Amino acid sequence: MLLIGYGNPGRGDDGLGQALAARIEAACLPGVQVLADYQLTVDHAPPVAAADRVVFADALMKSDAPFEFDPVTARDTGDLTSHSLRPGAVLSLAETLFGATPRAWVLGITGTGFGEVKEGLSPDALGNLDRAEGFIRKWIVNTA
Amino acid sequence: MAEPRLIEISPVTRVEGHGKVTIHLDAEGQVDEARLHIVEFRGFERFIRGRLLWEVPVIVQRLCGICPVSHHLAAAKAMDQIVGVDELPPTAEKMRRLMHYGQVMQSHVLHFFHLAAPDLLFGFGAPADRRNIFEVLRQEPELGRRAILMRKFGQEIIEATAGKKVHGTGAIPGGINRNLSLETRDGFLARIDEMQDWALDAVALARDYTMSHATLVDSFAAFPSSYMSLVRGGDGALDLYHGNLRALDASGSTIFDQLDYTRYMDVLVEDVRPWSYMKFPYIRDIGAQTGWYRVGPLARMNTVGFIDTPLANAARTELLAGDGEGLNHAILGNHWARMVEVLHCVEKIRELLHDPDLQGTDLKATGERRQSGIGVIEAPRGNLIHHYEVDENDQVTYCNLIVSTTHNNEGLNRAVRDVAVKQLSGQAQITEGMLNHIEVAIRAYDPCLSCATHALGQMPLQVELYDAGGGLLDARNTSG
């Protein structure tokens with residue numbers, strides 16, 4: 001299984017995805033590969049193609065829930081308008097280029113502070129990160 | 001008589017950052033004015049004040065998620081001067097160079113294959129739902145696979161030299177904080193032949209496109225201008241990491257040459273216009289009206305005397321051959337020039353990997369502390385200037401950045417106007433395909449509007465069409 005945590009830690013709660021990746025990596029869970037990056041790019045297609053299951057962990061804005069966990073499938077609709085991609089687009093690249101169709105989910109962790117150029121998570125985001133970490137660790141074990 | 005109109009393209013797509021194009025049509029439907037507006041502002045030069053000098057090479061990478069290495073190295077070069085180091089230990093300079101060649105390689109590959117290829121393969125006016133990377137991959141899957149693996153190679157070079165693929169910490173004031181292990185070196189050497197073969201194929205692809213579309217290339221936003229870049233000290237060869245400034249006018253005559261880049265303020269002036277957050281630099285001695293110039297891959301092909309790697313030098317000779325003794329002014333030639341530089345980077349990476357200095361342990365020099373420092377580098381998109389002053393507490397008190405896209409501001413605006421006049425003047429109906437021609441002209445520069453305005457984020461483009469009375473008639477948001 002592959003977990004990719006992405007976002008910009010220099011923009012407050014946008015760093016939630018990378019923060020989760022750091023915690024999961026530190027846990028050294030068997031069979032789990034962890035990547036952390038600022039954004040999803042074409043570079044992630046090969047490791048996604050090599051995985052059987054993929055979790056994309058990102059910060060989530062404007063949600064009442066501490067986190068949301070939903071399946072995602074390959075699709076082209078997230079056009080490559082810049083240098084960053086959406087999870088569905090990365091999955092589409094993995095399928096088109098490498099013939100791989102891993103099962104995939106998006107774990108969105110709710111943040112509240114995105115506006116400032118600063119490092120560190122808000123108290124609300126830290127609480128949501130704790131709950132998301134607890135959930136995903138159980139999910140990894142239960143679905144292995 | 002019809003009413004004059006204004007077209008607005010916003011946001012521009014397949015470039016980095018946020019931009020907007022406005023096109024004013026007069027009552028006869030002729031283009032009256034066309035501009036590229038930069039609509040975001042972050043003020044990074046203010047934000048960096050108060051930071052400690054050793055933090056700067058790391059923090060400035062926040063300017064950009066796509067070519068942070070360029071900012072990392074330009075800032076590190078400036079900080080070298082502040083810590084009194086004019087010459088790095090060989091291991092430090094070669095590790096930095098290796099990092100930079102990896103950066104230029106991966107950036108150019110991404111732009112050519114993923115951002116520009118849809119336009120080149122399917123045509124500028126092709127239906128919008130075809131002009132995307134996924135359609136390219138469906139038709140040319142091997143091309144797409146190579147592009148990803150070439151970019152991956154460049155990213156891994158960055159990771160090995162900077163510590164991380166994005167926002168690394170390798171370059172420090174006065175040196176570097178790591179060398180290259182033999183195991184890592186051998187891993188790269190095992191793939192370098194394949195990279196070179198693919199780079200040669202990429203050059204051939206770009207060359208064949210350019211030659212088979214000669215009429216289009218020669219007329220599409222092709223206009224003469226001056227050019228500026230670093231060139232290697234002494235012999236004037238292409239040098240992406242270090243050198244002196246050279247500027248040539250449109251006829252190829254020298255404006256200035258082998259100028260120490262710490263004197264950039266003697267020759268360049270940054271003009272401000274009220275409708276854009278991006279400044280308009282020009283060459284002081286020529287003046288604001290005609291002193292504008294361009295930078296970037298094609299500019300470098302024009303300014304340098306030669307390339308010191310044989311395959312890339314032969315490719316450059318071919319690129320310039322069609323223009324006799326003159327310079328190449330066709331902006332679509334930038335795509336070919338990028339692939340020549342990819343080939344050059346691969347050749348330089350190979351050369352460095354065989355150099356035992358990369359395993360050296362003398363990583364950092366020291367010197368007598370100075371108050372200010374200026375670092376200049378040739379980033380993937382062109383010349384990049386970082387200028388800092390630091391107080392006795394090691395805190396930054398002044399910062400001035402001139403990024404590649406800012407150097408190209410006037411050229412970008414002229415390209416927009418040139419294409420708008422040719423595509424839109426006198427047309428009864430404005431189509432999406434016509435507007436994409438304008439975006440193609442902007443993309444040829446591979447602009448990073450995020451860097452140019454020092455703003456975070458993507459750069460979708462917006463185009464708006466207005467009548468002579470200022471009424472918005474049509475708008476297109478291309479953010480997807």
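# A guided tour of a predicted model

Start by colouring chain B by domain: the assignment gives domain 1 (1–37 + 431–480), domain 2 (91–168 + 177–220 + 330–354) and domain 3 (223–329). Keep in mind as you go that this is a predicted model.

**Stop 1: chain B as a whole**

With chain B on screen, switch to a cartoon view. Its secondary structure comes to 16 helices and 16 strands. Now try colouring by accessibility: of the 480 residues of chain B, 62% count as buried. If you draw contacts between residues at least 6 apart in sequence in this chain, 71% of them join residues at least 24 apart.

**Stop 2: where domains 2 and 3 of chain B meet**

Select domain 2 and domain 3 of chain B, and hide the rest. Their C-alpha centres lie 22 Å apart. To the contact, domain 2 of chain B brings 27 residues and domain 3 of chain B brings 22 residues. How much area is buried between domain 2 and domain 3 of chain B? The figure is about 2,000 Å², and carbon and sulfur atoms give 63% of it.

Next, show side chains across this interface. The rule finds four salt bridges here, along with 12 residue pairs in polar contact, both partners at pLDDT 80 or more. Which elements give two or more residues to the side of domain 2 of chain B that touches domain 3 of chain B? They are helix H4 (90–122), helix H7 (182–212) and helix H12 (333–353) of chain B. Highlight H12(B) in particular: with 13 residues, this helix supplies the largest share of that side. Colour the domain 2 side of chain B that touches domain 3 by residue class and you should find 12 nonpolar, six polar and nine charged residues.

For a single pair to zoom in on, pick B:Arg207 and B:Glu318, whose side chains meet in a salt bridge at 3.7 Å, N to O. Then select B:Arg232, B:Asp235, B:Asp308, B:Lys348 and B:Glu351 together: salt bridges link these five in a network.

**Stop 3: two neighbouring arginines in chain B**

Bring back the whole of chain B and centre on B:Arg370. Its side chain forms a salt bridge with that of B:Asp86, at 2.8 Å from N to O. The pair links distant parts of the chain, 284 residues apart: B:Arg370 sits in the loop between H12 and strand S12 (372–379), and B:Asp86 in the loop between helix H3 (68–82) and H4 of chain B. Are these two residues buried or exposed? B:Arg370 counts as partly exposed because its relative accessibility is 33%, whereas B:Asp86, at 63%, counts as exposed.

Now move to B:Arg369. The partner to select is B:Asp394, and the two side chains meet in a salt bridge at 2.5 Å, N to O. B:Arg369 lies in the loop between H12 and S12 of chain B, while B:Asp394 lies in the loop between strand S13 (382–390) and strand S14 (396–402), so the pair ties together parts that are 25 residues apart in sequence. B:Arg369 counts as partly exposed, at 35% relative accessibility, and B:Asp394 also falls in the partly exposed class, at 28%.

**Stop 4: B:Asp418**

Select B:Asp418 in helix H14 (residues 409–424) of chain B. B:Asp418 counts as buried because its relative accessibility is 19%, and the cut-off for buried is under 20%. Leaving out residues up to four places away in sequence, B:Asp418 touches B:Ser219, B:Phe220 and B:Ala221.

**Stop 5: over to chain A**

In chain A, go to helix H4 (residues 123–143) and show A:Arg137 and A:Glu133, which lie four residues apart, about one turn of the helix. Their side chains meet in a salt bridge at 3.3 Å, N to O. A:Arg137 is partly exposed, with a relative accessible area of 34%, whereas A:Glu133 is buried, at 14%.

For the last selection, find A:Asp58 in strand S3 (residues 53–60) of chain A. Beyond its neighbours within four places in sequence, A:Asp58 is in contact with A:Tyr6, A:Gly17, A:Leu107, A:Gly108 and A:Ile109. You can also draw a distance from A:Asp58 to A:Thr96: the two C-alpha atoms are separated by 24 Å, and the residues are 38 apart along the chain.

If you would like to keep exploring, the structure holds 37 salt bridges over all chains.

How values were computed:
Residues numbered from 1 in each chain as written. Chains lettered and ligands numbered in written order. Predicted model: local features only at pLDDT ≥ 70, side-chain atom pairs only at ≥ 80, totals over all residues. Heavy atoms only, no water. Domains from an automatic or database assignment. Contact = heavy atoms within 4.5 Å. Buried area = accessible area lost by both parts, 1.4 Å probe. Polar contact = N/O pair within 3.5 Å; in protein donor to acceptor, adjacent residues only side chain to side chain. Nonpolar A, V, L, I, M, F, W, Y, C, P; charged D, E, K, R; others polar. Buried < 20%, exposed > 50% of the residue type's maximum accessible area, 1.4 Å probe, protein only.
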